[in-house]
Amino acid sequence: MNGSRDLRRTLKDVFATQRFCVLATQGQGQPYGSLVAFAETGDLRQLVFATNRDTRKFSNLILEPRVALLIDSRSNSDSDLRNAVAITALGLAHEAGGDERERLAGVYLARHPGLAGFVGSPETAVCVVAVEDYVVA
């Protein structure tokens, strides 16, 4: 990857075409992977997802906020072995509250309008990952 401009372009291109990612959490010494719908903030510093508070992924991130998200460009074809881009976002996750929740729910729902009922539920947490690093392969 040549410089931050190329990295930013790659991130934006992949994020524009992908709506789901794999969230990796850990709890009780055990890694755990979850498929989640995500959205990114325009500055690429935060990734947003929503989850029910009564899930293992939510319990895990409350106990250990260090998480990884894998977003990739695969299309499930043989050419993916040569052409797919895989991005791992590393960062700290937390549940957004108050004005932050409202703002990030707006970002999330702009990408996933069909999930408005889910996001509006009192059982749903809007979570944000403050990205510390992106690793692109």
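Which residue's side chain meets that of Asp72 in a salt bridge? In this predicted model, the partner of Asp72 is Arg74, with an N to O distance of 2.8 Å. The two residues of this bridge fall into separate accessibility classes. Asp72 has a relative accessible area of 12% and is therefore buried, whereas Arg74, at 46% relative accessibility, counts as partly exposed.

The bridge between Asp72 and Arg74 belongs to a set of 5 salt bridges found in a search of the whole structure. Another member of the set is formed by Arg53 and Glu95, whose closest N and O atoms are 2.5 Å apart. This pair links distant parts of the chain, the two residues being 42 residues apart. Arg53 is placed in the loop between strand 3 and helix 2 (56-63), and Glu95 belongs to strand 5 (residues 86-95). Arg53 counts as partly exposed because its relative accessibility is 31%. Glu95 is also classed as partly exposed, with a relative accessibility of 28%. A further salt bridge joins the side chains of Arg66 and Glu64, with 2.9 Å from N to O. Arg66 has a relative accessible area of 52% and is thus exposed.

Aromatic contacts were examined next. The count of aromatic pairs comes to 2. In one of them, the ring centres of Phe15 and Phe38 lie 5.5 Å apart and the ring planes stand at 75 degrees, so the arrangement is edge-to-face. The angle exceeds the cut-off for this class, which is over 60 degrees. Phe15 is located in helix 1 (residues 3-17) and Phe38 in strand 2 (residues 30-40); the pair therefore ties together parts that are 23 residues apart in sequence. Both phenylalanines, Phe15 and Phe38, are buried.

Phe15 also takes part in an aromatic pair with Tyr134. Here the distance from centre to centre is 6.1 Å and the angle between the planes is 55 degrees, and the pair is classed as tilted. Because Phe15 lies in helix 1 and Tyr134 in strand 6 (residues 124-136), this contact ties together parts that are 119 residues apart in sequence. The relative accessibility of Phe15 is 2%, so this residue counts as buried. Tyr134 is likewise assigned to the buried class, at 14% relative accessibility. Phe15, Phe38 and Tyr134 form one aromatic cluster. Helix 1 and strand 2 are tied together through Phe15 and Phe38, and helix 1 and strand 6 through Phe15 and Tyr134.

The segment after strand 6 contains Ala137. This alanine has a relative accessibility of 69% and therefore counts as exposed. Ala137 nevertheless touches Ala84, Val85 and Ala86, when residues up to four places away in sequence are not counted. The C-alpha atoms of Ala137 and Ile87 are separated by 6.4 Å, although these residues are 50 residues apart along the chain.

A nonpolar patch was identified on the surface. Phe20, Val22, Leu35 and Leu70 make up this patch, which covers about 360 Å². Among its members, Phe20 is placed in strand 1 (residues 20-27). With a relative accessibility of 46%, Phe20 counts as partly exposed. In contrast to this residue of the patch, Phe15 and Phe38 of the aromatic cluster are buried.

The backbone was also examined for unusual phi values. Most residues other than glycine have a negative phi. Gln28, which is not a glycine, has a positive phi of about 55 degrees. This residue is found in the loop between strand 1 and strand 2. Its relative accessible area is 85%, and Gln28 is therefore exposed. Leu44 is another residue other than glycine with a positive phi, in this case near 65 degrees. The position of Leu44 is in the loop between strand 2 and strand 3 (46-52). Leu44 is buried because its relative accessible area is 5%. Positive phi values thus occur at an exposed loop residue, Gln28, and at a buried loop residue, Leu44.

Notes: Residues are numbered from 1 along each chain as its sequence is written. This is a predicted model: local features need pLDDT of at least 70, side-chain atom pairs count only at pLDDT 80 or more; totals for chains, interfaces and linings use all residues. Side-chain values use heavy atoms; hydrogens and water are left out. Patches are made of residues with over 30% relative accessible area and no salt bridge: like charges are joined within 9 Å, nonpolar side chains (Val, Leu, Ile, Met, Phe, Trp, Tyr) within 5 Å. Accessible areas come from the Shrake-Rupley method with a 1.4 Å probe; for residues, only the protein chains shown count as cover. A salt bridge is a side-chain nitrogen of Lys or Arg within 4 Å of a carboxyl oxygen of Asp or Glu. Helices (H or I, at least four residues) and strands (E, at least two) are DSSP runs, numbered from the N terminus. Buried means under 20% relative accessible area, exposed over 50%, partly exposed in between (1.4 Å probe, protein chains only). Rings of Phe, Tyr and Trp (its six-membered ring) pair if their centres lie within 6.5 Å; planes under 30 degrees apart count as stacked, over 60 as edge-to-face and the rest as tilted. Contact means heavy atoms within 4.5 Å.
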